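Please work through the following exercises with the sequence and the model open side by side. Each task is followed by a solution that proceeds step by step.

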Amino acid sequence: MRILGLDYGDKTIGVAVSDPFGWTAQGVEIIQRTNENEYKKSLARLNELITQYEVEKIVLGFPKNMDNTEGPRCEKTRAFKDRLEKRFPNIPVILWDERMSTIAANRSLMEADLSRAKRKSVIDKMAAVHILQGFLDGNK
């Protein structure tokens, strides 16, 4: 069973996938969005990835504030979750607390001595990896 991890943003969606055993998360790609309200191409690409990797579950990063409250990003993420559930009715979509995922991803990339430009080009994919790995580790 493979699980897809998503880091949803206004302009990008970072994508990660688990190994077939559900032990590790690997970055797949970053889906670029031309504008905040464009979903058709994003959902079509996610459909291709779901088919390719035989995904049975989606973990969607849920960007709570550090004080555990929900802000406007949470509302947008819930709306995207609804779109995912409508498009993929047979695949459960789980919201996963993503606090610190981008910070952790950035730290990992800095430790790998990547330039700021290179970090920027992969940060969303790495954040998706951290979200998915957190879910996998939390559900062993």
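Throughout, contact means that heavy atoms lie within 4.5 Å. The model is predicted, with local features needing pLDDT of at least 70 and side-chain atom pairs counting only at pLDDT 80 or more, while totals for chains, interfaces and linings use all residues. Residues are numbered from 1 along each chain as its sequence is written, and side-chain values use heavy atoms, with hydrogens and water left out.

**Exercise 1. Determine which residues L4 touches, and place L4 in the largest nonpolar core.**

Step 1. Setting aside residues up to four places away in sequence, L4 touches V15, A16, V17, L46, I50, V55, K57, I58, V59 and L132.

Step 2. A nonpolar core is a set of buried Ala, Val, Leu, Ile, Met, Phe, Trp, Tyr and Cys residues joined through side-chain atoms within 4.5 Å, where buried means under 20% relative accessible area, exposed over 50% and partly exposed in between (1.4 Å probe, protein chains only).

Step 3. The largest such core has 20 residues, and L4, L6, L46, I58, F80 and L84 touch the most other members. Two or more residues each come from β1 (2-8), β2 (12-18), α1 (40-53), β4 (55-62) and α2 (72-87), these elements being DSSP runs numbered from the N terminus (helices H or I, at least four residues; strands E, at least two). The most is given by α1, with 4 residues.

**Exercise 2. Establish whether F135 is buried or exposed, and describe its surroundings.**

Step 1. A second, separate core of 10 residues includes A128, V129, F135 and L136, and F135 lies in helix α4 (residues 116-138).

Step 2. F135 counts as buried because its relative accessibility is 6%.

Step 3. Leaving aside neighbours within four places in sequence, F135 is in contact with I3, K57, V59, I94 and W96. The C-alpha atoms of F135 and A25 are separated by 9.6 Å, although these residues are 110 apart along the chain.

**Exercise 3. Work out the strand order of the sheet and find the helices that pack on it.**

Step 1. Two strands pair if DSSP finds at least two bridges between them. The open sheet of 5 strands runs β3-β2-β1-β4-β5, with mixed pairing, and its edge strands, β3 (25-32) and β5 (93-97), each pair on one side only.

Step 2. Between β4 and β5 the pairing is parallel over 5 bridges, and L60 stands opposite L95 in β5.

Step 3. On the sheet, α1 packs against β1, β2, β3 and β4, its direction making about 155° with that of β3. Likewise, α2 packs on the sheet and touches β1, β2, β4 and β5, its direction making about 165° with that of β4. Axes are lines fitted to C-alpha atoms, for helices over the stretch in contact, and angles run from 0 to 180 degrees between N-to-C directions.
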